[in-house]
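Please open the model in your viewer and keep the sequence panel beside it. The stops below are meant to be selected one after another, with a short account of what is found at each.

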Amino acid sequence: MLGRLFVLFMLINWPVYAQYEVNFTPSLSCEQKIVELINESQQSVDAAVYSINNDKIVQALKDADKRGVKVRVLTDKSQAGQKSSKAIDMYQSGLDVRVNSAHKLEHNKFAVFDGNKVVTGSYNWTNPATDKNSENCLFILEKNQVVTDYQNRFNELWQKNNQEKSDKWMTTKIEQIASDE
């Protein structure tokens, strides 16, 4: 009888537990789940990430953009200027990428998928975060107030970080790279 009550309890409460997923690195789990959510997105992907150079995530973002998904990426200026960063590559590929101009650092690491799923945590969207670092990522897989709060925060950050300043910074960086070659 106790076993049946436990099964009944789990069936009733399973949706409460099923809306979250936690992953840790070093492993492929964060990278793979982020790519999966990007690939499943049909309307929008809004990402505020400190650093981005993970080839699989960047390719998934480019593919989403090609499918007509609205992709917006806000990243840190100091990280975007690094040789390993993919921010300039994404910008040149036509993705809507902005660099931080409103705060000392853009140290967030979160994304909102179609306004109804979120990933957050310490995980930078980088190869070392996947392969070498001890990181975490928490996925919120059902729309709730937390997802809405993250979407609102992204929208606020997007507005604060001026497109004109970002475009000017990107253009200057691209020119510097070209002159160094």
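Two strands are taken to pair if DSSP finds at least two bridges between them. With that in mind, and remembering that this is a predicted model, begin with the sheet: it is an open sheet of seven strands in the order 1-7-6-5-2-3-4, and its pairing is mixed. Strand 1 (20-25) and strand 4 stand at the edges with a single partner strand each, so one side of each has no neighbour in the sheet. On average, and with direction ignored, neighbouring strands of this sheet are turned by 10° against each other.

Next, select strand 1 together with strand 7, which pair in the antiparallel sense over six bridges. Within this pair, valine 22 stands opposite leucine 138 in strand 7.

Now add helix 7, which packs on the sheet, where it touches strand 2, strand 3, strand 4, strand 5, strand 6 and strand 7, and whose direction makes about 70° with that of strand 3. Helix 7 covers residues 145-160, and its 16 residues reach 22 Å from the first C-alpha to the last, close to the 22 Å expected at 1.5 Å a residue. Colour Val147, Gln151, Phe154, Leu157 and Trp158, which are buried in this helix. Looking down the axis of helix 7, you will find its buried residues within an arc of 125°, so they line one face of the helix. These buried residues pack against several strands, including strand 3 (70-75), strand 5 (109-113) and strand 6 (117-121). On the other side of helix 7, select Gln145 and Gln159, which are exposed. Before leaving, look at the start of helix 7, where a side-chain oxygen of asparagine 144 comes to within 2.9 Å of the backbone nitrogen of valine 146.

The following stop is asparagine 54, in the loop between strand 2 and helix 3 (55-66). Is asparagine 54 buried or exposed? Its relative accessibility is 0%, so asparagine 54 counts as buried. Show threonine 126 as well: although 72 residues separate it from asparagine 54 along the chain, the two C-alpha atoms are 4.4 Å apart. Leaving aside neighbours within four places in sequence, asparagine 54 is in contact with Glu31, Tyr123, Trp125, Thr126, Asn127 and Thr130. With glutamate 31 there is a polar contact between the two side chains, at 2.7 Å.

Move on to asparagine 124, which sits in the loop between strand 6 and helix 6 (127-131). Asparagine 124 has a relative accessible area of 14% and is buried, because the cut-off for buried is under 20%. When residues up to four places away in sequence are not counted, asparagine 124 touches Tyr50, Ser51, Lys109, Ala129 and Glu135.

The last two stops concern the backbone. Most residues other than glycine have a negative phi, and most peptide bonds are trans. Select proline 26, in the loop between strand 1 and helix 2 (29-40), and look at the peptide bond that leads to it from threonine 25, which is cis, with omega near 10°. Then go to aspartate 114, in the loop between strand 5 and strand 6, which has a positive phi of about 55° although it is not a glycine. Aspartate 114 counts as buried, at 18% relative accessibility.

Key
Residues are numbered from 1 along each chain as its sequence is written. This is a predicted model: local features need pLDDT of at least 70, side-chain atom pairs count only at pLDDT 80 or more; totals for chains, interfaces and linings use all residues. Side-chain values use heavy atoms; hydrogens and water are left out. Helices (H or I, at least four residues) and strands (E, at least two) are DSSP runs, numbered from the N terminus. The expected span of a helix is 1.5 Å times one less than its number of residues. Buried means under 20% relative accessible area, exposed over 50%, partly exposed in between (1.4 Å probe, protein chains only). The arc is that of the directions from the helix axis to the C-beta atoms. Contact means heavy atoms within 4.5 Å. A polar contact is a pair of N or O atoms within 3.5 Å; within protein, one must be able to donate a hydrogen and the other to accept it, and residues adjacent in sequence count only if both atoms are side-chain atoms. Axes are lines fitted to C-alpha atoms, for helices over the stretch in contact, and angles run from 0 to 180 degrees between N-to-C directions.
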